[in-house]
Amino acid sequence: MADFYETLGVARDASQEEIKKAYRKLARQLHPDVAGPEGAEQFKEVTAAYEVLSNEEKRRMYDMGGEDALHGGFPGAGGGFGGAFEDIFSTFFGGGSPFGGGQAQPRSRARRGSDTLVQLDLDLEKVVFGGQQQLSFSSMVECTTCHGKMAAPGTEPVTCSNCHGSGQVQRVTNSIFGQMVSATTCPQCQGFGTTIVTPCPDCAGEGRVRASRSVKIDVPAGIEDGMQIRLARQGDAGVGGGPAGDLFAQVNVREHSVFTRDGDDLRAAVEVPMTAAALGIDIAIDTFDGEQSISVEPGTQSGTEIRINGLGVGRLHRRGRGDLIVSVNVKTPTKLDAEQRELIERLAQLREEDATPGKMLGRGDSLFARIKKAFTGED
């Protein structure tokens, strides 16, 4: 049984501030989001230690009798005397404590399963609206042959012949105080009180096997890449019929061919010809909400953004959705035939724009300014 002070790495006389500081440091290092599944068990141990030591009353009880004192071992804990005191009297005097606690109980084979971390791949549309997603993965499940009992069908665990089911063996020694009785874990049954003579052949006596599973996960709208969804008791099944751990599904959002996410907004780009940008045009675009029409106003420049309210990503745990922002890219023609070139040159003349190839325009370089300079000789 781990010592809570050692778990947090603090002295037994540490102040509450020192305990809190140590916990925060370890929690940042061992959190499943940082350390992954291998740090999950240590994170739980650190959290359990902090929950006790950060509470003055629980800490006092723990200092007096260890973890047993927190589970009915002392007055005020809900169970009168017993727990740690009972273990002490059982160890030195045998047969239970003078407080009527009775014989020590054998250990249970049941142990909680580990937490499971899996990747949940989502399309962007699922993130926009939320909904259910099927997730398939491999984990430990209860053995269907022995149903977690660990023994082969038709057989039962046999009471240990060494400790007679108590899980402990006693040794009597003589001292100046008389006979002293000490109790230790039974080496034959490892403290379980029974032995499994014929283990289940399908799970090798573990009560669980590895298998493929599939679960449905409720995906909230607006969840972000890298976040985790927790499903209680959906992780690895426990040993010997123990409770299952938790399942953590880490979100991975696939890239979309058209839309990108920007917070609660969606972004997309449309390309329009130079002439359409100059004259204005209505464009139909496909969105997650169906076809929508946007108006490109006459004279629109490349990089102009058009916002459509309410067609973005659902806001996580809040009402409403973000916006769809469409960026306009004006396409300049790259290959012109003679007639097209003549028309553009004519347009440049009408607009008094210098379209001479390789010419850098500066102030006063309009067509009108150059004609005036040619006739008057003015600079």
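Glu 206 is partly exposed, with 28% relative accessible area. This is a predicted model, and Glu 206 opens a tour of its charged pairs. The partner of Glu 206 is Arg 208, in a salt bridge whose closest N and O atoms lie 2.7 Å apart. Arg 208 counts as buried because its relative accessibility is 15%, and buried means under 20%. So the acid is partly exposed, whereas the base is buried.

The salt bridge between Arg 307 and Asp 323 comes next. Their side chains meet at 3.0 Å, N to O. This pair links distant parts of the chain, 16 residues apart. Arg 307 sits in strand β14, and Asp 323 sits in the loop between β14 and β15. Arg 307 is partly exposed, at 46% relative accessible area. Asp 323 has 15% relative accessibility and therefore counts as buried.

Some salt bridges share partners. Through them, Lys 44, Arg 112, Asp 115, Arg 230, Arg 233 and Asp 246 are joined into one network. Inside that network, what distance separates N from O where the side chains of Arg 112 and Asp 115 meet? The value is 3.1 Å. Arg 112 is partly exposed, with a relative accessible area of 35%. Asp 115 counts as buried, at 14% relative accessibility. Across the whole structure, a search finds 19 salt bridges.

Now return to β14 and the sheet around it. Four strands make an open sheet in the order β10-β11-β15-β14, and the pairing is mixed. Which strands form the edges? They are β10, residues 260-262, and β14, residues 305-308; each pairs on one side only. From one strand to the next, the twist averages 35°. On its paired side, β14 runs antiparallel to β15, residues 324-331, and four bridges join the two strands. One residue-level match is Ile 306, whose bridge partner in β15 is Val 326.

Follow the side chains along β14 and they alternate. Ile 306 and Ile 308 point to one face and are buried. Glu 305 and Arg 307 point to the other face and are not buried. Arg 307 is also the residue that meets Asp 323 in a salt bridge.

Ile 306 deserves a closer look. This residue belongs to strand β14. Its relative accessible area is 17%, so Ile 306 is buried. What does Ile 306 contact, once neighbours within four places in sequence are left aside? One group is Ile 294, Ser 295 and Val 296. The others are Leu 324, Ile 325, Val 326 and Val 328. Val 326 is thus named twice: as a contact of Ile 306 and as its bridge partner. Ser 295 is 11 residues away along the chain, and its C-alpha atom is separated from that of Ile 306 by 8.4 Å.

Last comes a stop on the surface. Met 274, Leu 336 and Ile 344 form a nonpolar patch there. Together they have about 210 Å² of accessible area. Met 274 lies in helix α8, which spans residues 274-279. Is Met 274 buried or partly exposed? Met 274 counts as partly exposed because its relative accessibility is 34%. That value fits the patch, because patch residues need over 30% relative accessible area.

Technical notes: Residues are numbered from 1 along each chain as its sequence is written. This is a predicted model: local features need pLDDT of at least 70, side-chain atom pairs count only at pLDDT 80 or more; totals for chains, interfaces and linings use all residues. Side-chain values use heavy atoms; hydrogens and water are left out. Patches are made of residues with over 30% relative accessible area and no salt bridge: like charges are joined within 9 Å, nonpolar side chains (Val, Leu, Ile, Met, Phe, Trp, Tyr) within 5 Å. Accessible areas come from the Shrake-Rupley method with a 1.4 Å probe; for residues, only the protein chains shown count as cover. A salt bridge is a side-chain nitrogen of Lys or Arg within 4 Å of a carboxyl oxygen of Asp or Glu. Buried means under 20% relative accessible area, exposed over 50%, partly exposed in between (1.4 Å probe, protein chains only). Two strands pair if DSSP finds at least two bridges between them. Axes are lines fitted to C-alpha atoms, for helices over the stretch in contact, and angles run from 0 to 180 degrees between N-to-C directions. Contact means heavy atoms within 4.5 Å.
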